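Reader: Before I plan anything at the bench, I would like a careful look at one part of this protein, its aromatic rings and the elements that carry them. Please take me through that part in one connected account, and then set it within the whole.

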Amino acid sequence: MDRKTLTTISERYPWASWAVWDDTFPDGDCVEKQPDQLVEFVCERAEELTPEIVLLGLNRSDDLDAPFLNFHAPTRRHYDYRLKECIQDGGLARLRGAYMTDLVDEIDPDSHTVEVTDEDATVLLEQLRLFGEPEYHVVCFGNKPFDGLIEYFDAEVTTQVPEIKYAVTEADGLTLHLYRVWFYGLYGANQDKVAVFKRQLQQLNDRIS
């Protein structure tokens, strides 16, 4: 991954990010508390990035102060720390450095009101084309981004253990492997799915070649 592409991504898609965190995140003097340094932080780790793997959310719940801050909120209220604990602290080397983005460019804390459109899928494909990879593994957090892509691509879905939905499709010369895992911010009545979510990421880390 080169600096020019990373800079282009940071300028065009402010909701994009990467699965690399400061080791002390979300506590201490982590770089995420100095968001103006995040682009340089990612650029310094360019060799660790794996854009052929995409971790896909639905939309942002808050406005962002700087590029690459999405999925890096330095507070335990947003549950971004759970991704870092699972992937970086958990040693999931294949998922570490993955490209992270939201499907819908909309700020809304209530995901139930967010609708996925064909334009959202088109913008996602635009992002992927910047990386120049022929094949992508897109891990969707929750049903809505996964279902939106399935509808757009008219793909056939199967279910795999543990509770992973899967589909594969071709789009503009790209091969997309689509996976649905549980949303990492589960809590309360859905707290029992957190353990399943961790197993899902471990399974995908081991499976994706």
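Author:
**Aromatic rings and their surroundings**

Ring pairs join F71, F141, F183, Y184 and F197 into a cluster. The model is a predicted one, and a search through the whole of it finds 11 aromatic pairs. One of these is formed by Y152 and F153, an edge-to-face pair with 4.9 Å from centre to centre and 85 degrees between the planes. The two partners differ in how they are covered, because Y152 has a relative accessible area of 30% and is therefore partly exposed, whereas F153, at 13% relative accessibility, counts as buried because the cut-off for that class is under 20%.

Another pair has a tilted geometry: the ring centres of Y166 and Y179 lie 5.2 Å apart and their planes meet at 40 degrees, so the pair falls between the limits of 30 and 60 degrees that bound the stacked and edge-to-face classes. Since Y166 belongs to strand 6 and Y179 to strand 7, this pair ties together parts that are 13 residues apart in sequence. Both Y166 and Y179 are buried.

F153 also leads to helix 5, which covers residues 143–153 and has P145, F146, G148, L149, I150 and F153 as its buried residues. These buried residues pack against strand 2 (50–57), helix 4 (118–129), strand 4, strand 6 (164–171) and strand 7 (174–181), and strands 6 and 7 hold the tilted tyrosine pair described above. Just after helix 5, D154 takes a positive phi of about 55 degrees.

Strand 4, which is among the elements that helix 5 packs against, runs over residues 135–141 and contains H137. The side of the tilted pair that reaches H137 is Y179, for H137 touches Y179 along with E52, I53, V54, H177 and I208, when residues up to four places away in sequence are left out. H137 has a relative accessible area of 10%, so this histidine is buried.

A further buried residue, away from the ring pairs, is E32, which sits in the loop between strand 1 (17–18) and helix 2 (38–43). At 2% relative accessibility, E32 falls under the 20% cut-off and so counts as buried. Its contacts, again without residues up to four places away in sequence, are V20, W21, D22, F25, L38, L69, H72 and P74. With P74 the separation is 42 residues in sequence, yet 6.0 Å in space from C-alpha to C-alpha.

Turning to the whole, the protein has 6 helices and 7 strands, and from the N terminus on these elements follow the order α-β-α-β-α-β-α-β-α-β-β-β-α. Buried residues account for 54% of the 209 residues, and of the contacts between residues at least 6 apart in sequence, 74% join residues at least 24 apart. A compact globule of 209 residues would have a radius of gyration near 17 Å, so the 16 Å of this protein agrees with that expectation. Along the principal axes, the C-alpha atoms fill a box of roughly 45 × 40 × 35 Å. The accessible surface comes to about 9,700 Å², with 46% of it belonging to carbon and sulfur atoms. As for charge, the protein carries 20 positive and 40 negative side chains, and the centres of these two sets lie 5 Å apart.

Conventions:
Residues are numbered from 1 along each chain as its sequence is written. This is a predicted model: local features need pLDDT of at least 70, side-chain atom pairs count only at pLDDT 80 or more; totals for chains, interfaces and linings use all residues. Side-chain values use heavy atoms; hydrogens and water are left out. Helices (H or I, at least four residues) and strands (E, at least two) are DSSP runs, numbered from the N terminus. The radius of gyration is taken over C-alpha atoms; the globule rule is 2.2 Å times the number of residues to the power 0.38. Buried means under 20% relative accessible area, exposed over 50%, partly exposed in between (1.4 Å probe, protein chains only). Contact means heavy atoms within 4.5 Å. Accessible areas come from the Shrake-Rupley method with a 1.4 Å probe; for residues, only the protein chains shown count as cover. Lys and Arg count as positive and Asp and Glu as negative; His and the chain ends are not counted. The place of a charge is taken as NZ of Lys, CZ of Arg, CG of Asp or CD of Glu. Rings of Phe, Tyr and Trp (its six-membered ring) pair if their centres lie within 6.5 Å; planes under 30 degrees apart count as stacked, over 60 as edge-to-face and the rest as tilted.
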